[in-house]
Amino acid sequence: MPEGHTIHRAANDHRRLLKGRVLRITSPQGRFSDGAARLSGSRCDDVEAFGKHLVYRFDTGDVLHIHLGLFGRIRKRKLPEPDPVGAVRVRLVGDTHLVDINGPAICEVLDPAQFARLKDRIGPDVLRADADRERAFTRILKSRTGIGRLLMNQSVLSGIGNIYRTEILWRQNIHPDRAGKDLSRADLERIWTDAAALLVLGVKHNAIITVDDAPAGKGRYRERVNIFNKDRCPACAGPVTRLEIDNRRAFVCAVCQPAPRP
Ligand SMILES: [Zn+2]
């Protein structure tokens, strides 16, 4: 499952290649033929990411909404137009490059009203400058749910994936089981600021880097996180405990992240 930074990276890349261009849009696989016909020949006005949702906005007001889900993938290819690889749901052809999307969980055309409703459903995205963080804080500060679960609820706040969740809570010394309502506004400000900084780094390097002294070159994945999938806490050398939160792995240091009192 791609984390939010990979979708923002794709949006930045595709904006550079497609914005301002009149696109030819097809569905080589055939499952999106009607949508492709509706969009083809319109000018792409912007490409944006909202959490894990990727949207292509057109001058007609229509929006192509993509969510890759577990199995979707994106390929960027140079023109002249090569043959599709696998079942390409939608192909967006610009002047110099094309974008192929295979196997998305969602691939649909939205009109402006439907797009507005989609944005309302998605929680504020830590990577967006226009995000309304107060909307997320208000929900979290009222909730009895653990912060670990809330951070992954994309309707509360978006952009933070599974590895970042573990790493951010460790960096802020907050146990994932602490209820949202037991955190302070300052805790949430620190989580938000840290998440935004780490995700910007993730977009830049196309890798999850949560250690402060990451080597500039190509380090191995395990060398760039603090406790995710590790045995020992780098801060206190104590054991790292593995948890399951909604069937996703999470890790915690019982010393650095004190558990809430029962
Ligand atoms: Zn520790």
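**Exercise 1. Identify the residue of β7 that stands opposite V93, and place the pair in its sheet.**

Solution. In this predicted model, V93 stands opposite L98 in β7. The strands concerned are β6, residues 88–93, and β7, residues 97–102. They run antiparallel and are joined by five bridges.

The next step is to widen the view to the sheet. Four strands form an open sheet in the order β1-β6-β7-β5, with antiparallel pairing. β1 (24–26) and β5 (73–78) are the edge strands; each has a single partner strand, so one side of each is left without a neighbour in the sheet. From one strand to the next, the twist averages 15°.

**Exercise 2. Determine which peptide bond near the end of β5 is cis, and state where its proline lies.**

Solution. The bond in question runs from L79 to P80; its omega is near 5°, and the bond is cis. Most residues other than glycine have a negative phi, and most peptide bonds are trans. P80 belongs to the loop between β5 and β6.

The same general statement applies to a second residue. A237 is not glycine, yet its phi is positive, near 65°. This alanine, A237, is found in the loop between α7 and β9, the latter spanning 240–245.

**Exercise 3. Describe the open sheet that contains β8, its edges, and the helix that packs on it.**

Solution. First, establish the strand order: this open sheet has four strands, arranged β2-β3-β4-β8 with antiparallel pairing. Second, find the edges. β2 (44–50) and β8 (106–110) each have a single partner strand, so one side of each is left without a neighbour in the sheet. Third, consider the twist: neighbouring strands are turned by 15° against each other on average, direction ignored.

Fourth, examine the pairing of β8. Its antiparallel pairing with β4, residues 63–67, extends over five bridges. Within this pairing, H67 has I106 of β8 as its bridge partner.

Finally, add the helix. α3, residues 112–121, packs on the sheet and touches β2, β4 and β8. The direction of α3 makes about 130° with that of β8.

**Exercise 4. Characterise the packing of α6 against α7: the axis distance, the crossing and the residues in contact.**

Solution. Two packed helices are described by the angle between their axes and the distance between the axes. For α6 (residues 162–171) and α7 (residues 185–205), the axes come within 10 Å and cross at roughly 130°. α6 is therefore oblique to α7, and the crossing is right-handed.

The contact residues follow. α6 contributes Y164, I168 and R171, while α7 contributes I191, D194, A195, L198 and L199. By class, six of the contact residues are nonpolar, none is polar and two are charged.

**Exercise 5. Carry out the corresponding analysis for α4 and α7.**

Solution. Helix α4 comprises residues 133–141; its axis and that of α7 come within 11 Å and cross at roughly 130°. α4 is consequently oblique to α7. The crossing of these two helices is right-handed.

From α4, the contact is made by R133, F137, I140 and L141; from α7, it is made by R185, L188 and W192. Five nonpolar and two charged residues, with no polar residue, make up the contact of α4 with α7.

**Exercise 6. State how the chain is divided into domains, and describe the side of domain 1 that touches domain 2.**

Solution. Begin with the bounds: domain 1 covers 4–121 and domain 2 covers 133–253. The C-alpha centres of domain 1 and domain 2 lie 30 Å apart.

Next, count the residues in contact: eight in domain 1 and ten in domain 2. On the domain 1 side, helix α1 (residues 4–18) gives the most, with four residues. By class, the side of domain 1 that touches domain 2 has one nonpolar, four polar and three charged residues.

Technical notes: Residues numbered from 1 in each chain as written. Predicted model: local features only at pLDDT ≥ 70, side-chain atom pairs only at ≥ 80, totals over all residues. Pairing = 2+ DSSP bridges. Axes fitted to C-alpha atoms, helices over the stretch in contact; angles between N-to-C directions. Contact = placed C-beta atoms within 7 Å. Parallel < 35°, antiparallel > 145°, perpendicular 65-115°, else oblique. Left-handed = near helix turned anticlockwise from the far one by under 90°. Nonpolar A, V, L, I, M, F, W, Y, C, P; charged D, E, K, R; others polar. Domains from an automatic or database assignment.
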